[in-house]
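Load the model in your viewer and keep the selection tool ready. The tour has three stops: a sheet, a pocket and the cysteines.

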Amino acid sequence: MLPNWWIWCARMADTQRLAVILFNLGGPANLAEVHPFLLSLFSDPAILRVPGWLRLPLAHLIAARRAPVARQIYAKLGGGSPILAQTQAQAQALENLLRERTRQDVRVFIAMRHAAPRAAQAAREVADFAPSRIVLLPLYPQFSTTTTQSSLDDWAHHARLCGLGNIPAQAVDAYPAQAGLIEALTQGVRKAWEELRAKGHQTARILFSAHGLPEKIVAAGDPYPKHCESTAAALRHSLADIPNLDSVLCYQSRVGPLAWIGPSTESELRRAGSQGSPVIVVPIAFVSEHSETLVELDMEGRDLALEAGSSAFIRVPTPGTSPAFIAGLAQLVEDAVHV
């Protein structure tokens, strides 16, 4: 029979084992994965809100039509999305910081919604780790049923299958104005502003660009636009000491025939160009680089702005592994553990 002190130590060790799950959308690793990625995306009932019997055939149709264009986009990125490598870097940075700050056995896992590694794999790995606490941390700062809720629902299903249902789990639903996020973005804007000043510019138009959403999803109660407004408001407050900056919240990446929330990033780039304004574009809803930033903004957006008449174009990097952002994520985890 084991001594009581040994059992007590073992139990204390168990209480200090923490699993953190980072959720992201994912992306195709190569051109062959573009169609499967799109099929998974449009098969998601949170994305394609049609009757169940219609969803899969319609998803096949949409994926087949969009795949050629999407392959061209990913070809510009070298043949695949960089989002997994960047999420892995964020996971490692967060794990290192949490271990340093908490002195606990912490593991950070990745669960992509529409590409590998998916929630099923992550749940199996978490079960093998046998944590005493789980924190669910979406890498979507602003909550949406199409991203955050979809990822959490997917995780819940696979967590039950892997026997994780009895382990205490706390989800971080949203953090649109979290200090670390705002600090990381503010640093990027200030650097861009200094670059413009060095070139003689005295004013700039800031576009806070977020991924768009169909109006009907918002009308059904999705809080995403309000959360985007919170992020924009926090950034405006953080940048209030910079003179002659005007800003607008706008939305990018519209697809399909439905009406989407606006104004669109494209229309705001044209408006800034028509006024000859230098432009600073800040992607506020993406925390890592992928096609929407590297192609849609850096290539297509830049060309549009300059051709429309903007005197300069600078795109602020996503937070990535910036110390401020990773520290912000660590704080979210610590707060969740102590709820």
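Which residue of β2 is the bridge partner of Ala 19? Select Arg 107, the partner of Ala 19. This is a predicted model, in which local features need pLDDT of at least 70, side-chain atom pairs count only at pLDDT 80 or more, and totals for chains, interfaces and linings use all residues. Residues are numbered from 1 along each chain as its sequence is written, and side-chain values use heavy atoms, leaving out hydrogens and water.

Next, select residues 17-24, strand β1, which pairs with β2 in the parallel sense over eight bridges. Strands are DSSP runs (E, at least two residues), helices likewise (H or I, at least four), and two strands pair if DSSP finds at least two bridges between them. Widen the view to the open sheet of four strands, ordered β2-β1-β3-β4 with parallel pairing. Its edge strands are β2 (105-112) and β4 (169-171), each pairing on one side only.

Now go to α7 (179-198), which supplies six residues, the largest share, to the lining of the second largest pocket. Of the 13 lining residues (an atom within 4 Å of a pocket point; a pocket is an open set of points on a 1 Å grid, where a 1.4 Å probe fits, with protein on both sides within 12 Å along at least five of seven lines), those closest to the centre include Gln 187, Lys 191 and Pro 317.

Finally, select Cys 250, which is buried (under 20% relative accessible area, 1.4 Å probe, protein chains only) at 0%. Cys 250 is in no disulfide (cysteine sulfur atoms within 2.5 Å), as the nearest cysteine sulfur, that of Cys 228, is 10 Å away.

Key: Buried < 20%, exposed > 50% of the residue type's maximum accessible area, 1.4 Å probe, protein only.
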